[in-house]
Amino acid sequence: AGRMARTTAQDTPQLQVDLLKEEAVSDDSYGTTCDVLILPPSLERPISAEAAAVLARWLRARHAEGAVLASICGGAFLLGETGLLNGRAVTTHWAYADTFRERFPTAILDVDRLLIDGGDIISAGGLMAWTDLGLKLVERYLGPLVMAQTARMLLIDPPGREQRYYSGFAPRMSHGDSAILKAQHFLHEGNGKEARLAVLAKQAGLEERTFLRRFQKATGMTAIDYAQRLRVTKAQELLQFGRLPVERIAWDVGYSDPGAFRKIFHRIVGLTPGEYRQRFHT
């Protein structure tokens with residue numbers, strides 16, 4: 001991006017990237033002013049509150065001085081420990097959604113989005129979303145032209161993707177409600193095709209109103225939404241690995257109205273069935 005900027009305009013500011021180790025910042029001895037502090041992803045488990053304490057204090061101080069805080073994937077957990085996410089929108093990898101909500105219930109988590117730019121706080125979703133964050137920062141500091149040139153050179157999409165294009169359905173199964181688990185198993189066996197309330201409540205051995213309340217509490221969603229996500233997941237598989245027309249796929253996953261299927265698919269995935277096939281078909 002720096003080289004691109006120099007060919008665009010001689011007076012364009014240059015970017016300098018430094019790698020900071022924990023021991024260099026934990027005692028507040030690091031004296032260089034940072035425009036942006038990026039909290040990187042990791043293949044390890046998210047950082048614990050205890051391990052994050054010193055770093056979180058240091059990050060709060062830098063944020064108070066005007067630094068932008070940015071996180072990628074599991075780096076959002078360190079960002080959360082700063083206490084700066086109360087009432088703020090944030091994203092992380094979709095597989096971390098439940099754990100993140102438990103630890104930071106006052107944050108507004110949206111794992112459908114790959115990148116959330118809140119101005120002073122930016123968060124990116126999956127591990128490789130660092131490319132989206134990088135391009136966003138290039139755009140902010142070097143301008144949209146340099147950002148577009150950089151994306152073209154690196155053969156990557158400019159910011160604008162969404163995490164839900166790539167995320168799978170990861171239902172809660174370890175909630176401890178054995179009755180609801182029976183209904184979940186029934187739904188999974190049929191890919192969500194049979195989702196009538198009376199049938200699901202019977203599978204769970206519960207009265208219908210009790211079933212609705214307990215299903216929502218256990219899974220975090222309604223039974224209808226749960227079934228729709230199962231159907232859409234099956235449809236994604238058929239679109240990616242097969243050549244059946246969309247109308248046939250809609251019927252096969254349980255929708256007699258292709259138009260309704262397209263609307264639900266777009267609401268959950270963020271792409272139309274045709275767009276999804278064009279992007280992911282193998």
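**View A. A hairpin made by strand 5 and strand 6.** In this predicted model, strand 5 and strand 6 form a hairpin, with 3 residues sitting between them. Take a look at G119 in the turn: its phi is positive, at about 85°. The two strands run antiparallel, and 3 bridges join strand 5 (residues 115-117) to strand 6. Want one pair to find on screen? Start at D117, whose bridge partner in strand 6 is I122.

**View B. Strand 6 meets strand 2 (residues 68-72).** Here the pairing is in the parallel sense, and it covers 4 bridges. To get your bearings, find L69, which stands opposite I121 in strand 6.

**View C. Strand 6 (residues 121-124), covered on both faces.** Here's a handy rule to keep in mind: side chains in a regular strand alternate between the two faces of the sheet. Which residues of strand 6 lie on each side? I121 and S123 are on one side, while I122 and A124 are on the other. Are these residues buried or exposed? They are all buried, so both faces of the strand are covered.

**View D. An open sheet of 4 strands.** Step back a little and read the strands across in the order 1-2-6-5; the pairing is mixed. Strand 1 (36-39) and strand 5 are the edge strands, each pairing on one side only. On average, neighbouring strands of this sheet are turned by 10° against each other, ignoring direction.

**View E. Two helices and the strands of the sheet.** Helix 3 (residues 49-64) lies across strand 1, strand 2 and strand 6, and it runs at about 150° to strand 1. Helix 6 (residues 130-142) packs on the sheet too, touching strand 1, strand 2, strand 5 and strand 6. The direction of helix 6 makes about 155° with that of strand 2.

**View F. Two buried cysteines, C34 and C73.** Why does C34 count as buried? Its relative accessibility is 17%, and buried means under 20%. C73 counts as buried as well, because its relative accessibility is 4%. If you're hunting for disulfides, the structure holds 0 of them.

Conventions. Residues are numbered from 1 along each chain as its sequence is written. This is a predicted model: local features need pLDDT of at least 70, side-chain atom pairs count only at pLDDT 80 or more; totals for chains, interfaces and linings use all residues. Side-chain values use heavy atoms; hydrogens and water are left out. Buried means under 20% relative accessible area, exposed over 50%, partly exposed in between (1.4 Å probe, protein chains only). Two strands pair if DSSP finds at least two bridges between them. Axes are lines fitted to C-alpha atoms, for helices over the stretch in contact, and angles run from 0 to 180 degrees between N-to-C directions. Contact means heavy atoms within 4.5 Å. A disulfide is a pair of cysteine sulfur atoms within 2.5 Å.
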